[in-house]
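Colleague: Hi! Could you walk me through this model? I'd like a quick picture before I head back to the bench.

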Amino acid sequence: MTNTAGSSIETGSSTTGNGNPATFHFTLPPAGRPGFSSLKEELHPAFGWLTKNRARSRKRDVFESIDTIVIHATAGYATEHAVDTWKARKASAHWIIPDENEAGHGHFIWATVAEAKAAYHVGNVDYASILGDGPNVNDRSLGVELVNTQNVQYYRDPYSRWQIDMLARIVLYAWAKYPNLKHVISHAKLDPTRRTDPGENFPWEEFKHKVLTHSMPAQHHALALATDTPPISSDSERVNLAVTKRAGHCCEP
């Protein structure tokens, strides 16, 4: 992976979204595979429980299985809301990327399910025309959730540049690690009649460029931060209870 030495992490809003998330899909060129790079990740306190209770065996070797990364967004404003939703329903993903109002933002992502296991992040959809033949999407993929409200109740929530950088890092990490990884795709592309994530606010072309050119700023060392969710800021309070109620639909396959 090529880093820009000395660059600082940007945590402000990202660029404008790129249209219809049901079209978001690109493939990784075999010649562009990066060298290995670690992730700034922390095990979420529910990691063990989710891996045991909200994931299953892939039935094949993980390095042979994985050929797809699916990009999701929570339709809510907090990591803990997503995790609570997963616990209440048969759902999960491998990572969560915190938003600006959370302590981890700018420092680390949450690992929530072991990569060796198939997380429950995509439903039973007809994917063969997009991904080709093979086992179902969950068995062959990794799932990433970004904490973002996705325009719930018309509340526009830009993705931060740090979120986009960390998502690109996850893809580069997985691309270097899994020899059959090929597809980077939105949940909406796989399931357009039911899902819209990561939403029209997501800067897909910027994200794609970062992945394909490996153009990432240098990583800072993660800080030791409390894992408790911080109080909601005034920006998040404006989301109001209507968002909280709608966000109950988030994070499902």
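Colleague: Thanks! How much of the protein chain is buried?

Modeller: Happy to help. Keep in mind that this is a predicted model. Of the 253 residues in the protein chain, 52% count as buried.

Colleague: And how many helices and strands does the protein chain have?

Modeller: There are 10 helices and 11 strands in the protein chain.

Colleague: What about the surface, how much area does the protein chain expose?

Modeller: About 11,000 Å² is exposed, and carbon and sulfur atoms supply 50% of that.

Colleague: Let's zoom in on strand 9. Is strand 9 mostly covered or open?

Modeller: Covered. Strand 9 spans residues 141-146, and 6 of its 6 residues are buried. On one side you find S141, G143 and E145, on the other L142, V144 and L146, and all of these are buried.

Colleague: Nice. Which way does strand 5 run when it pairs with strand 9?

Modeller: The pairing is parallel, with 6 bridges between strand 9 and strand 5, residues 68-73. As a landmark, T68 sits opposite S141 of strand 9.

Colleague: And how many bridges join strand 6 to strand 9?

Modeller: Strand 6, residues 95-97, runs parallel to strand 9 and is joined to it by 3 bridges. If you want to find that spot on screen, look for I96, whose bridge partner in strand 9 is E145.

Colleague: So E145 turns up twice?

Modeller: Yes, E145 is buried on one face of strand 9, and E145 also partners I96.

Colleague: One last thing: of the contacts between residues at least 6 apart in sequence, what share joins residues at least 24 apart?

Modeller: For the protein chain, that share is 84%.

Definitions and conventions:
Residues are numbered from 1 along each chain as its sequence is written. This is a predicted model: local features need pLDDT of at least 70, side-chain atom pairs count only at pLDDT 80 or more; totals for chains, interfaces and linings use all residues. Side-chain values use heavy atoms; hydrogens and water are left out. Helices (H or I, at least four residues) and strands (E, at least two) are DSSP runs, numbered from the N terminus. Buried means under 20% relative accessible area, exposed over 50%, partly exposed in between (1.4 Å probe, protein chains only). Contact means heavy atoms within 4.5 Å. Accessible areas come from the Shrake-Rupley method with a 1.4 Å probe; for residues, only the protein chains shown count as cover. Two strands pair if DSSP finds at least two bridges between them.
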